[in-house]
Every structure is written in structure tokens, then in C-alpha cells.
Amino acid sequence: MRLENLTEKERELLLPGESVEVLSSKIKVITSKTHTFGTDTFILADFSIPKKHEIAVEIGTGCGTIPLYWLSLGSEVKKIFAIDIQKNACSQVSRSAEISGVSDKVEVICADIKNEISQILPHSCDLVVCNPPYKAVGSGLVNSEAGIRIARHEHECTIDDVTRCAAKFLNFWGRLCLCHRVERLCDVIESMKNAGIEPKKLRLVQQRKNSAPKLFLIEGKKGARPGLIALPTLFIEDDCGNLSDEMTQIYRYYGEK
């Protein structure tokens, strides 16, 4: 969003290097080079929309796009806890909630999920969502910038850390929703089951019909019986290379004035 199109309050809240993205006519998110969002953020947000009056948690919230996306749809979620280990990410989320008028709905917590988080009572939440670091330590190129490195590699947060934390937050039959790389599918399912969260829904994500899936969405329920359902594949593009009808629907309010 161009600087001249921002309100005076928005300009005051922006730090150097930051910009504002419009998620809907009312909800905006402050982004930076380190903390921004991509297509996987939107598909996970759509996959994990909380139900009315639920309490939700996002682990590793980054710039807070997922909680703000839910609220851009008019979600009647009771409360959203947005957790991140990085102070600058938490600052972005807090300021985004302020300019969007939803500070009463979003509580930002700067914390390491491997430690006790006193703001969230055990077994008190209905939904936990996480778009975790995709790369295991020792795999792939490592970015020299700490913030990007934390987001991409499991240096500060492994998939086991996520599932253990989710199991602690969730009530019985509470849901954990994740987006991850297909190459890590076995690791994710094993980790969920070890934490007492049974995988219940799986959806592969393809760029287009003639490409192999690179991502998957998965939902597990705490304490549920085994029984995994495979949902239809989500295609990002149609046969002509344009956004698919489903992706167009997911992005329906993005950029709205």
C-alpha cells in the first residue's frame, strides 16, 4: 500500500522498511522484509477458520496474517493468542491489530513455546494453527538473517515442539492445523500421533494439475480415534495459469478498499 494512501495513524505506527497490506476493507497487516506472508499463509488460514466463540492460538505468528485473515472474514472467534519468539514480529502484529481495530480479539505473546506460557491455561483452547519452519536443521541453504533463518529452519522450533505445545493448549478433541512440505509428511504424522493428536484430514496442494504436490494441509484432533480422510487436492492455478476458482475465493477480500 502506497505511503500516501495510508491514514495518519497508520503512518505514525509504521517503522522504517515496513509496509501495509490490505486483507479487507477493515483489516490490514504490517509487513517487513523479515516478517511477511505468502500463498501458504492464506491456504492455511482458510483451512483452519475457527468456529464461533472458539479460542484459537497461532504458534509462530510472524506478522500475524492468519489471525487477521480470520477476522477479515468476520469470524466470531472469542479470542486469538498470537505467539512468536521474535520481538519485532510481535510488534508488527500488535500494531496491525491496533490499526485494524481488533486489539480486543488478538493477544500477542512474545515467548518461546518450549517454555511455560502463563497467559494460556492448559487444555483451554479449541484450535491451534502453525505454519512451521519447513526445513530440518542441517538441510537446505541457511539464510544469514536470523529472522528468516528462524522462519525457514527448525533452529528454534521443531515439529515436535509444535505438537507438544499444541497438545498442552488444546482441550479434548481440539484441533491442530498445519501446513508443511510433502517431504516432511511422515515426520508430521509421527509427531502428531506421539503428542496424542490424531491426524483426521489431509489435503495436498498443487500449483497446477500437471505438477507434483509440494505442500500439504493437515488437521488433527486431540484424543480422537484413528481414521484419516483425504480431501480433494487444492490447485493454486487453473489450466490457463490464472488463480483457480478456489484460490480466488480465498483471496476474495485481499486488497479491498
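This passage describes the overall make-up of the chain and then the surroundings of Asp84 and Ala195. The model is predicted, with local features requiring pLDDT of at least 70 and side-chain atom pairs counting only at pLDDT 80 or more, while totals for chains, interfaces and linings use all residues. Residues are numbered from 1 along each chain as its sequence is written, and side-chain values use heavy atoms, with hydrogens and water left out.

The chain holds eight helices and 11 strands, taken as DSSP runs numbered from the N terminus (helices: H or I, at least four residues; strands: E, at least two). Of its 257 residues, 50% are buried, meaning under 20% relative accessible area (1.4 Å probe, protein chains only). About 12500 Å² is exposed by the chain, and 51% of this comes from carbon and sulfur atoms; the areas are Shrake-Rupley values with a 1.4 Å probe.

We turn next to Asp84, in strand β4 (residues 79-84). Asp84 is buried but has no salt bridge, that is, a side-chain nitrogen of Lys or Arg within 4 Å of a carboxyl oxygen of Asp or Glu. The nearest side chain of opposite charge, Lys114, is 11 Å away. A polar atom of the Asp84 side chain does, however, lie 3.3 Å from the backbone nitrogen of Thr61. Beyond residues up to four places away in sequence, Asp84 touches several others, including Gly60, Gly62, Cys90 and Ile109, where contact means heavy atoms within 4.5 Å.

Ala195, in turn, sits in the loop between α7 (185-194) and β8 (197-206). Outside its neighbours within four places in sequence, Ala195 contacts Thr163, Arg164 and Ala167. Its C-alpha atom is 9.1 Å from that of Lys168, a residue 27 positions apart along the chain.

Methods: Lys and Arg count as positive and Asp and Glu as negative; His and the chain ends are not counted. A polar contact is a pair of N or O atoms within 3.5 Å; within protein, one must be able to donate a hydrogen and the other to accept it, and residues adjacent in sequence count only if both atoms are side-chain atoms.
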